[in-house]
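Student: I am new to this structure and would like a close look at one part of it. Please take the salt bridges and go through them slowly.

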Amino acid sequence: MSMLDRLIRFCHRFEGFLSAFGKLAGWLIIPMLLTVAMTIGASLVGWNRFFAWEMDVFLLGDSVTVNTLLDLQWHIFLIIVMLGGAYALVEDSHVSVDLFYGLFSSRWKVLVTILGDVIFLIPFCAVMLWFSWGFTVSSYLSGEGSSYGGLLDRWFVKAFLPLGFTLILLAAMSRVIRLFCELFRESKY
């Protein structure tokens with residue numbers, strides 16, 4: 001097996017590892033649907049508080065209210081989206097604008113993908129990683145939480161922004177290396 005084949009194989013495995021986060025995050029749709037159903041049920045019955053206890057618990061504070069469930073819904077949604085980004089990229093199931101792409105030969109499609117990743121996707125992910133990291137650290141240092149009885153510790157959900165962009169960045173870099181190696185391998189024959 002040539003060095004190129006080994007590198008391509010490594011990239012495929014690495015991309016599979018990165019997409020596993022998205023596959024796992026997909027299971028979060030179940031608790032998200034449960035929180036939606038509980039919120040709707042609580043609003044129909046007129047409940048506001050489900051559970052309460054003496055001391056603060058991570059994220060939840062001292063109770064679970066309708067506002068807690070509303071916050072939990074968008075927290076879970078953000079986690080699914082950010083961890084699912086690398087999965088969508090690896091599986092090539094992301095949104096793309098292919099007005100002319102369909103007219104290209106397979107070799108040109110690969111070149112356009114490489115150029116798009118290098119010129120647009122990788123720099124975008126790097127910038128978003130930089131800013132989202134600062135956004136997360138600022139949230140942690142300020143002790144940001146809900147002011148209306150929702151979830152506390154907002155830094156926790158904001159930490160999925162740099163994590164998600166890191167996964168997408170790594171997937172894009174691996175895809176560029178893999179596609180470049182595949183192009184190079186084909187040109188040898």
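Student: Which residues are linked in a network of salt bridges?

Tutor: Glu15, Arg178 and Glu182 are the residues linked in that network. Some ground rules come before the details. This is a predicted model, in which local features need pLDDT of at least 70 and side-chain atom pairs count only at pLDDT 80 or more, while totals for chains, interfaces and linings use all residues. Residues are numbered from 1 along each chain as its sequence is written, and side-chain values use heavy atoms, with hydrogens and water left out.

A salt bridge here is a side-chain nitrogen of Lys or Arg within 4 Å of a carboxyl oxygen of Asp or Glu. The structure holds five of them.

Start with arginine 178 and glutamate 15, whose closest N and O atoms are 3.1 Å apart. Arginine 178 belongs to helix H6 (residues 160-188) and glutamate 15 to helix H1 (residues 3-26), so this pair ties together parts that are 163 residues apart in sequence. The helix labels follow DSSP runs, numbered from the N terminus: helices are H or I runs of at least four residues, and strands are E runs of at least two.

Arginine 178 also meets glutamate 182 in a salt bridge, at 3.6 Å from N to O. Here both residues lie in helix H6, four residues apart, which is about one turn of the helix. Arginine 178 thus appears in both pairs of the network.

As for exposure, arginine 178 and glutamate 15 are both buried, and glutamate 182 is buried as well. Buried means under 20% relative accessible area, exposed means over 50%, and partly exposed lies in between (1.4 Å probe, protein chains only).

Another salt bridge joins glutamate 144 and lysine 158, with the closest N and O atoms 2.6 Å apart. Glutamate 144 sits in the loop between helix H4 (106-142) and helix H5 (154-158), and lysine 158 is in helix H5, so the pair ties together parts that are 14 residues apart in sequence. The two partners fall into separate exposure classes: glutamate 144 is partly exposed, with a relative accessible area of 27%, whereas lysine 158, at 11% relative accessibility, counts as buried.

To return to the network, Glu15, Arg178 and Glu182 are its linked residues, and the link between arginine 178 and glutamate 15 runs from helix H6 to helix H1.
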